[in-house]
Every structure is written in structure tokens, then in C-alpha cells.
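This report goes through the internal spaces, the packing and a few individual residues of one protein chain. The model is a predicted one.

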Amino acid sequence: MAGRFAPRPPRTTVRGGIPRQAPVPGRVRVWAPDGPLDLGLVLGPLRRGPGDPTFRTMPDGSVWRASLTPAGPGTLRVTARGTEVRGEAWGPGAQWLLEQLPRMLGADDDPSAFVPWHRLLALTRHRRPGLRLSRTGLVLESLIPSILEQKVTTLEAYQAWRLLVRKFGEPAPGPAPVRMYVMPAARTWALIPSWEWHLAGVDDKRASTVLRAVRVAARLEEAAAMEPAAAQERLELVSGIGPWTSAETVQRSHGAPDAVTVGDLHLPGIVGFALGGDRYADDSVMLRLLEPYAGQRHRAARLVLLSGRVPGRRAPRMAPRGIERL
């Protein structure tokens with residue numbers, strides 16, 4: 001049979017018709033942190049669900065991120081080897097991502113400022129010495145998914161983010177893993193038709209909040225250079241953005257160690273149970289328990305979540321509403 005059929009040409013596309021990009025070298029930066037660093041702990045909060053098209057972890061331990069930077073779209077691959085971290089980036093935003101790499105990996109964070117008052121947090125910090133708070137320097141990429149997470153299940157929010165980014169974003173530049181995308185620009189978000197929000201499971205209230213935010217995108221991105229408290233105040237000037245959403249945003253965009261999330265359905269009970277044995281704690285009880293950690297309350301809450309000491313579930317999970325099926 002040899003020679004009977006013409007050889008099949010090499011495949012240059014993947015499913016969906018997206019051209020397969022040839023591996024090309026990107027810009028490289030090597031950085032040595034001044035202490036232990038756990039990539040999973042530091043970058044994990046930037047991931048919006050297991051199917052996040054802007055974030056991917058690989059079997060070799062590398063982390064890929066696709067971001068819309070002030071210089072344009074960019075893809076970043078981060079790997080840790082020994083005491084050094086290697087960043088490789090592609091696209092118009094490559095240089096910006098590499099300049100931001102140390103801050104994104106917690107260079108501006110000071111873990112030594114945290115003084116544990118509870119044995120649970122002291123043990124957790126000892127077991128997780130690589131925890132640092134990431135600072136991305138990008139506001140909208142944390143704000144929009146936080147808006148999508150308002151008052152819905154995480155499954156609904158993650159699905160909405162995944163569907164909208166894949167449909168209206170652009171493929172990540174460089175040799176990124178398959179189906180990685182850069183989130184849409186502010187103008188693209190503003191032009192998404194109402195029925196596309198509905199098909200993604202996003203109600204009118206959240207969609208309208210996103211639209212109000214992207215109309216003042218430049219002013220909101222300026223908040224990246226502000227102190228976290230001032231940045232939260234600016235974000236909350238947009239109708240529909242409250243303390244919960246602004247805190248979830250600056251925790252990532254600013255690496256804010258004191259931006260504790262209030263108004264959350266689960267966090268007060270988790271913190272109350274771990275630090276005070278009160279599974280029915282509300283925001284006021286949570287804030288009272290976190291008072292000894294003033295200036296570091298977000299880090300304290302992260303350590304509580306990492307400790308694994310959470311109350312057992314006593315009710316069924318909230319069922320997704322599935323408004324896209326209406």
C-alpha cells in the first residue's frame with residue numbers, strides 16, 4: 001500500500017478552526033524571590049473556575065495567563081525552578097507582563113507583617129510558607145468576573161465568564177495552550193448584545209453593572225495606582241459595585257492585605273467557626289474576630305480558608321437558576 005495515497009499534510013488548525021500557532025520564543029525574565037514562593041497559592045486566586053480561558057496550569061507545574069494589558073494582549077508562562085522563577089511572554093503586552101512579574105508574584109507583599117494571634121493561623125502559615133498576595137496591576141480583569149459572581153453560585157459565574165470570554169475575546173498570542181483567550185476590551189464588552197448576556201446566564205442587573213463599569217474603564221484602571229482603600233472608593237462610585245465586589249477586585253489588582261470581603265454568603269461562617277467556634281457568625285462577628293489582624297485581615301481570611309477548618313455542610317447546595325434556559 002506504500003505510495004498509494006498522497007501523504008496527509010500536517011494539521012495546522014485545532015477544533016473550532018483556530019490556527020495552530022507554531023512555537024516561537026518569547027521575551028524572557030528570570031526573577032529570584034526573597035523567600036519561599038508557591039505558584040499555586042499566589043496565582044490561584046486569579047483563576048475563575050477550572051475552565052477559565054485566561055488561566056491554565058500544566059502538568060509540568062507551569063502556569064499560563066492571558067491578559068489584556070495597557071500595551072495590548074499578552075500571554076505569560078511562569079515556571080518555578082529552585083530559587084528562581086522564569087517568566088516567558090508573547091504578544092504586544094509581553095514586555096508589560098514581564099515588568100509586572102515580580103509584583104504579580106508578591107514582591108510588594110510583606111508576609112512578615114502578619115502576626116498570628118490564633119494557633120490555627122500560626123500552624124497554617126508554618127505549613128504554607130509560600131503564600132504571598134498577588135498584585136496584577138489590572139483592575140477590569142478582576143472587576144468584571146467579580147461582578148459576574150454577585151449573588152449567584154460559583155458554577156453560574158464561572159460558566160458566564162468562560163462563555164463570554166471565549167465568544168468575544170481573542171485567542172491568546174504566542175504558543176499558548178489550546179482554547180486560551182484574552183478577555184475582551186472595554187468597548188467589546190459594551191457592544192455585547194442583551195441576548196448574549198442572557199445565553200451566558202447573566203441577569204440584567206449584573207450585565208448592566210458591567211456595562212456601567214466599562215463605560216468608565218479608563219478611570220477605573222487609574223485606580224491600580226491608588227491605595228487599596230481609595231481604589232475601593234472609586235470602584236464603588238459605579239452603581240451596582242459595593243464593598244463585596246470592590247474588595248474581591250483589589251485583593252487581586254492591588255494585593256491588598258487588609259481588604260476583607262464583607263457581604264459574602266459563606267466567609268463569615270467559615271471565619272467564625274475557625275476562630276470562634278461560631279458557624280452562624282455574620283459580618284459583624286467576623287470583623288470582630290479579625291480585629292487583632294487589622295492591616296492583614298485578608299491574609300488572615302486566606303489562612304483560615306487554607307487551614308481546612310470549615311463547618312460541615314448542613315443544607316443542600318444552592319441550585320443554579322439557569323436563566324439562559326428561560
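How many nonpolar, polar and charged residues does the lining of the largest cavity have? By class, there are 5 nonpolar, 2 polar and 5 charged residues in that lining.

**Overall make-up**

The protein chain contains 14 helices and 7 strands. It has 326 residues, of which 48% count as buried. Among contacts with a separation of 6 or more, 66% are between residues 24 or more positions apart.

**Cavities**

Rolling a probe the size of a water molecule over the atoms shows where empty space is left. In this model, 2 cavities of 30 Å³ or more are counted. The table sets them side by side.

| Cavity | Volume | Lining by class |
|---|---|---|
| Largest | about 120 Å³ | 5 nonpolar, 2 polar, 5 charged residues |
| Second largest | about 30 Å³ | 5 nonpolar, 2 polar, 1 charged residues |

The lining of the largest cavity is made up of Leu46, Arg48, Asp52, Thr54, Arg65, Ala66, Glu141, Ser142, Pro145, Trp161, Met183 and Arg252. Two elements, strand 3 (63-69) and helix 4 (140-148), supply at least two residues each. Helix 4 gives the most, with 3 residues.

The second largest cavity is lined by Arg65, Leu76, Trp96, Leu97, Gln100, Met104, Thr136 and Leu138. Here the largest share comes from helix 2 (residues 94-104), which provides 4 residues. Arg65 is listed in the lining of the largest cavity and also in that of the second largest cavity.

Ser142, one of the lining residues of the largest cavity, belongs to helix 4. Is Ser142 buried or exposed? Its relative accessible area is 2%, so Ser142 is buried. Leaving out residues up to four places away in sequence, Ser142 touches Arg48, Thr249, Arg252 and Ser253. Of these, Arg48 and Arg252 also appear in the lining of the largest cavity.

**Nonpolar cores**

The largest nonpolar core comprises 33 residues, and those with the most contacts inside it are Trp189 and Trp197. Helix 4, helix 5 (154-168), helix 8 (204-215), helix 9 (217-222) and helix 10 (228-235) each contribute at least two residues to this core. A second core, separate from that one, has 20 residues and includes Leu43, Leu46, Phe55 and Met104. Leu46 is also in the lining of the largest cavity, while Met104 is in that of the second largest cavity.

Which residues does Trp197 touch, not counting those up to four places away in sequence? They are Leu148, Leu164, Trp189, Ile192, Val202, Ala207, Val210 and Leu211.

**The two sides of helix 10**

Buried residues of helix 10 are Ala231, Gln232, Arg234 and Leu235. They lie on the same side of helix 10, because the arc they cover around the axis is only 160°. Ala229 and Glu233, on the other side of helix 10, are exposed. Against what do the buried residues of helix 10 pack? Their packing partners are helix 4, helix 9 and helix 11 (243-253).

**A buried glycine in strand 4**

Gly72 is part of strand 4 (residues 72-81). Buried means under 20% relative accessible area. Gly72 has a relative accessibility of 14% and therefore counts as buried. Apart from neighbours within four places in sequence, Gly72 is in contact with Ser67, Pro92 and Gly93. Its C-alpha atom is separated by 9.4 Å from that of Ala185, a residue 113 residues apart from Gly72 along the chain.

**Positive phi values in loops**

Most residues other than glycine have a negative phi. Lys151 is not a glycine, yet its phi is positive, at about 55°. The loop that holds Lys151 runs between helix 4 and helix 5. With a relative accessibility of 78%, Lys151 counts as exposed.

Arg179, also a residue other than glycine, has a positive phi near 65°. Arg179 sits in the loop between strand 6 (170-171) and strand 7 (181-182). Its relative accessible area is 41%, so Arg179 is partly exposed.

Definitions and conventions
Residues are numbered from 1 along each chain as its sequence is written. This is a predicted model: local features need pLDDT of at least 70, side-chain atom pairs count only at pLDDT 80 or more; totals for chains, interfaces and linings use all residues. Side-chain values use heavy atoms; hydrogens and water are left out. On a 1 Å grid over the protein atoms alone, a cavity is a set of points where a 1.4 Å probe fits but cannot get out, and a pocket is an open set with protein on both sides within 12 Å along at least five of seven lines; lining residues have an atom within 4 Å of a point. Grid points are joined across faces, edges and corners, and a volume is the space filled by probe spheres set on the points. Ala, Val, Leu, Ile, Met, Phe, Trp, Tyr, Cys and Pro count as nonpolar, Asp, Glu, Lys and Arg as charged, and the others, Gly among them, as polar. A nonpolar core is a set of buried Ala, Val, Leu, Ile, Met, Phe, Trp, Tyr and Cys residues joined through side-chain atoms within 4.5 Å. Buried means under 20% relative accessible area, exposed over 50%, partly exposed in between (1.4 Å probe, protein chains only). Contact means heavy atoms within 4.5 Å. The arc is that of the directions from the helix axis to the C-beta atoms.
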